[in-house]
Amino acid sequence: MRYNEMREELTKYYLKEADSRAEEFCDKCLEKLDSAYREGMSVFTMKRMQYRVIAENIDPVLFLSSPFYYETGTLAAQCDGARDFRGHRSAGGWVYWKNSHLFKEQDLDLWQLVKKQKNEKMYLICGPYNDTSQHFCFNYRPVLRYGLKGIYEQAFSMLDGATDDEKDFLISVCEGMECLKKISEKFALKAESMAVDSSDPIQRANLQRISRSAKKVPWEAPESFYEALNTYAFLRKAIGALEGIGFSSFGRIDMDLYPFYKKDIDEGKITREEAYELIGRFIVTFDFHYDHDMKFEGYYDLEIENTYVLGGCDYDGKPLCNDLTMMFLRATREERVIYPKIKLRYSSESPKEMLDEANIDLVNGRSVILYQNDESCIPALVKLGRTLEEARDYIVYGCWGMSGNGNEKHDDGPYVNLVKPLELSVHRDFNKMREIGMSFKPIDDAVSFEEVYNITKENMRVLLQERSRITRAGGNIWSKVDVLPIFSSTLQNCIKNKKDYTEGGAKYRDDRNAMFSFPTVVDSLLAIKELCFDKKKYSLQEYLEAVRNNWIDNEDMRIDAINCHGWGDGSDEAGALASRLNNDLSEILSTLKGTYGGKIVVGYLGYTEVRWWGEVTRATPDGRKYGDYLTQGLTPSRLKKIKSVTNVINNFTQLDAAVMGGNSVVNLILPSSKMDLDICEAILRASTKSSMQSMQLNCTSKETLLDAQKNPEKYPDLVVRVAGFSAKFTSLSPEWQNEIITRNFYER
């Protein structure tokens, strides 16, 4: 099924009309809101006014060949709801823009210091002090169970005895639900009007179906599989329009939709073929928000933060794989879909049929799935303080965000650059240290490797402490800048606590630090240990001087560094040092507090900073030169020519996954000439006994990629994992193609 008519309609709207329409809508609403604004308005009053103005002015977009109602016409094509997105604005940003000056004005010195620290690539924050615009996961489950009406009634019932501030939040929740109801009713009226004018029986049937459903759902809870599936689409767009934040996940879609599907099947209201067609149309809808052939040249050109989770286990720990799991996997393959991104949870108990269906595309050169190891992740979440049932129900969203399902929201993209303390220390850049307000001790005078290690560890402590201080000092003002009542309405404990998420109302309030380029640090320490202390081939001073000189006139020394043990080579030396550093980083973070007083946990992640941060990072002791790529997550350095995936897995068995509650990622390129479904399955099952968490697998060869560079017309469907997303290899710029080509290609 190719749904050609629907594809044509979607292409016309999203590639030619959506962006300009969204801009016009934004200008119109901002003018109305600015006119109605009065000095002294509370942030909740402002947000309610924003909800009303947007809901009143929405003119829904319906596609004649689609059974779904969801497009509000207020967001740019690739926008996930975020108020500022790749040069496009959405009206949902009005409150934030009106008050965002408060972030700066609360402490000008802090504001300027953070700017300097970010510019020096010490860390990344997707916002001023918090991730204030993207990577939000709306909890759809209460709407699927009770409808928006049930949430409205719950919030309304809490008004008795509430303080004025609590009432402000609860009333805003109620108004948010009413505005969503109004938007849905607009879809019903428009569909009804269009159905009258339609002469095409299939189109008229779609419109009549939409009209019937939109009159009641999602104000009332959905009753059918179609209504539940459309609830996801509608809420993603409508809440994004009203709230001004980006939503990253539909959640555990095969688990949560299954009762609706089974009921319809059992009652004879739908066939499996009809359900499969709805799934196909649903995923095609969200895959057509961008041009697959546009060039990826920048930071996130081809990224759309839209994901869902398949597989995993149920609350009792039993593997979850049902008809819907298989249908979503099959439809993604048959429709050649890249978005929404699939996060496939797996374990040693996962059924072979599920793994095979996921791996068919992989072994044929289309990598569109992130593989997530339950046996590493669930214990980490339990150690973090989640109940076993909550841990088993976790979701993965955005690129690699790992979170409780409906009970928390992490800051995302919180990359902390572990290489920077090492770089500034090795290169003795005291001027830069003074500029960024952090002092890192040089290792020049160390008389033992133990001293080198401890200095390096304490330098990292300085960075982690400062990152925590910055977030807490600047981030707590968020609730004065903007509030998120609709998002908070289904986030566990917010209504119970009568507090918005931005006020710390959620059940869990933990943060994570995503450590960037951990293997670069490990390999650097291993090289110093082996060459300067174990073998004493070079003095520490002459070794550091070679690094400072970018290895010029010291190529033999650089080759020696590269040939030392390194992370991922399977050696005990690499595993032991990585394990020690992993535990020490976890211990450091255990002494720090997050924005709302929660824990900060270890993660090992990284995005396209592999290239961008690498280009401005000076030489490092692992043999890396100024400007070379850095490492992503726990992916072994491309400097190390590691031949066996088994070696990589062996090193991962030496890390304590239980302290990695912030998730980690590893990239592996498997040899296409030796790969089949059984070998892919074996690799996945072997990885479950290690600390591997997120796995980005490509199955290709260097020869194939080089040929695709020269003859792109021969490879129209070669799809690779780039960072936290997949893209057609031929749509990558030459620079990004080379980044893929220079990765490790494992021979076995």
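Select Arg512 and Val601 to begin: Val601, in strand S11, is the bridge partner of Arg512. Strands are DSSP runs of E with at least two residues, helices are DSSP runs of H or I with at least four, and both are numbered from the N terminus. The model is a predicted one, in which local features need pLDDT of at least 70 and side-chain atom pairs count only at pLDDT 80 or more, while totals for chains, interfaces and linings use all residues. Residues are numbered from 1 along each chain as its sequence is written, and side-chain values use heavy atoms, with hydrogens and water left out.

Next, select Asn513, which stands opposite Val602 in S11. Extend the selection to residues 511-516, which form strand S10; S10 and S11 pair in the parallel sense over five bridges. Two strands pair if DSSP finds at least two bridges between them.

Now add Tyr415, whose bridge partner in S10 is Ala514. Strands S9 and S10 also run parallel, with three bridges. With S9, S10 and S11 displayed together, an open sheet of three strands appears in the order S9-S10-S11, with parallel pairing. Its edge strands are S9 (415-417) and S11 (600-604), each of which pairs on one side only. From one strand to the next, the twist averages 35° (axes are lines fitted to C-alpha atoms, for helices over the stretch in contact, and angles run from 0 to 180 degrees between N-to-C directions).

Return to S10 and show its side chains. Which residues point each way from S10? Asp511, Asn513 and Met515 point one way, Arg512, Ala514 and Phe516 point the other way, and all are buried. Buried means under 20% relative accessible area, exposed over 50%, and partly exposed in between, with a 1.4 Å probe and protein chains only.

Move to helix H31, residues 734-741, where Trp736, Gln737, Glu739, Ile740 and Ile741 are buried. Among the elements that cover these residues are helix H27 (609-612), strand S12 (665-671), helix H30 (702-710) and strand S14 (719-721), contact meaning heavy atoms within 4.5 Å.

Finally, select the cysteines. How many disulfides does a search of the whole structure find? The search finds zero, a disulfide being a pair of cysteine sulfur atoms within 2.5 Å. Cys680 is buried at 3% relative accessible area, and its sulfur is 5.6 Å from the closest cysteine sulfur, in Cys699, which is too far for a bond. Cys126 is partly exposed, at 24% relative accessibility; its closest cysteine sulfur, in Cys399, is 9.1 Å away, also too far for a bond.
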